[in-house]
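Got the viewer open? Here's a short tour, one selection at a time.

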Amino acid sequence: MGPSPGVSGEPGGTWALVAAAGTGERLGIDRPKAFASLGGRPLVAESIERLDGCQWVDAIVVAAPAGWEEPTILLVEELAASKVVACVTGGATRAESVRAALAEVSDDAVVVLVHDAARPLVSDEIVERVLEPLAEGVEGVVPALRIADTVKRVDGRVVVETVDRASLVGAQTPQAFVADSLRRAYRGDLADATDCASLVERAGGTVMIVEGDPHLLKVTTSADLALVESWL
Ligand code: C5P
């Protein structure tokens, strides 16, 4: 890969935000999802360690669950994750957590990656894949997977229509953005935004997809956690 925006050494470089402030109620444990045990350590450790070791990432901000800032900072110290420059308190929604983390990103940042702690198996390969198209002038890049199931729009339990799945994908993270485009998108209304790309799209930005990775499964249930653990 040739020089890409944010390769270490460029002013400001590439910042990675780790959204880790969700409650994870569906896991049914006594702590936030980011601190669920994955291979004997907190789930969020995996994303922090992998992004810290990634050559394309220059600095990291973690959005921690409210009340869990200190354990998050201790974890960062334990991992010796030297690229983590700030740990902020997350908000009531994912978008609010990302907004809080974005406020810590330096003005001269070139690229911002946003990643869900709930997708622990982030790899150098996928980071490289989402960064690459930014050099072609798009404002955002999303890893995405085609949908295998037939998709239906429903009203309660009644099927309203069957949607053409050929034009549908499932969006994952890490998502990569031109830093200024992401900042502009986050100045607007955050309502109903379940990912960052939707805000950039709403602000008129061009977002493209690259091939996602099935191993970037979002941990929601204990079965997901067991599956991801088996892939470690
Ligand atoms: O809730 P869901 O699994 O969709 O959350 C996706 C990611 O966003 C998770 O990594 C979660 O920790 C994060 N999140 C957050 N702040 C919230 C809600 C979710 O950082 N208020």
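Start with the residues lining the largest pocket: 13 are nonpolar, eleven polar and nine charged. Keep in mind as you click around that this is a predicted model. The pocket holds about 790 Å³ of space. Its lining runs to 33 residues, and if you want the ones closest to the centre, pick G22, K33, R94, D116 and K218.

Which helix should you colour here? Go for helix 3, residues 94-102: with three residues, this helix gives the largest share of the lining of the largest pocket.

Now switch the ligand on. The space it takes is that same largest pocket. Select its surroundings and you should get 14 residues, with A19, A21, G22, S97 and K218 as the closest. Colour that shell by class and you'll see six nonpolar, four polar and four charged residues.

Next, show the backbone atoms around the ligand and look at three polar contacts:

- A21: one of its polar backbone atoms sits 2.9 Å from an oxygen atom of the ligand.
- G91: here a backbone N or O atom is 2.9 Å from a nitrogen atom of the ligand.
- A117: a polar backbone atom of this residue lies 3.1 Å from an oxygen atom of the ligand.

How much of the ligand does the protein cover? On its own the ligand has 460 Å² of accessible area, and the protein covers 83% of that.

Time to leave the pocket for a look at some backbone geometry. As background, most residues other than glycine have a negative phi, and most peptide bonds are trans. The next two stops go against those habits.

First, zoom to the loop between strand 10 (169-171) and strand 11 (175-178), where you'll find P174. Check the peptide bond from T173 to P174: this one is cis, with omega near 10°.

Then jump to the loop between helix 2 (69-79) and strand 5 (84-89), and select A80. What is the phi of A80? The value is near 50°, which is positive, and this residue is not a glycine.

Conventions:
Residues numbered from 1 in each chain as written. Predicted model: local features only at pLDDT ≥ 70, side-chain atom pairs only at ≥ 80, totals over all residues. Heavy atoms only, no water. Near = heavy atom within 4 Å. Polar contact = N/O pair within 3.5 Å; in protein donor to acceptor, adjacent residues only side chain to side chain. Areas by Shrake-Rupley, 256 points an atom, 1.4 Å probe, with all protein chains shown as cover. 1 Å grid on protein atoms, 1.4 Å probe; cavity = no way out; pocket = protein on both sides within 12 Å on 5 of 7 lines; lining within 4 Å. Sits in = over half its atoms within 2 Å of the grid points. Nonpolar A, V, L, I, M, F, W, Y, C, P; charged D, E, K, R; others polar. Points joined across faces, edges and corners; volume = space filled by probe spheres on them. Helix = DSSP H or I, 4+ residues; strand = E, 2+ residues; numbered from the N terminus.
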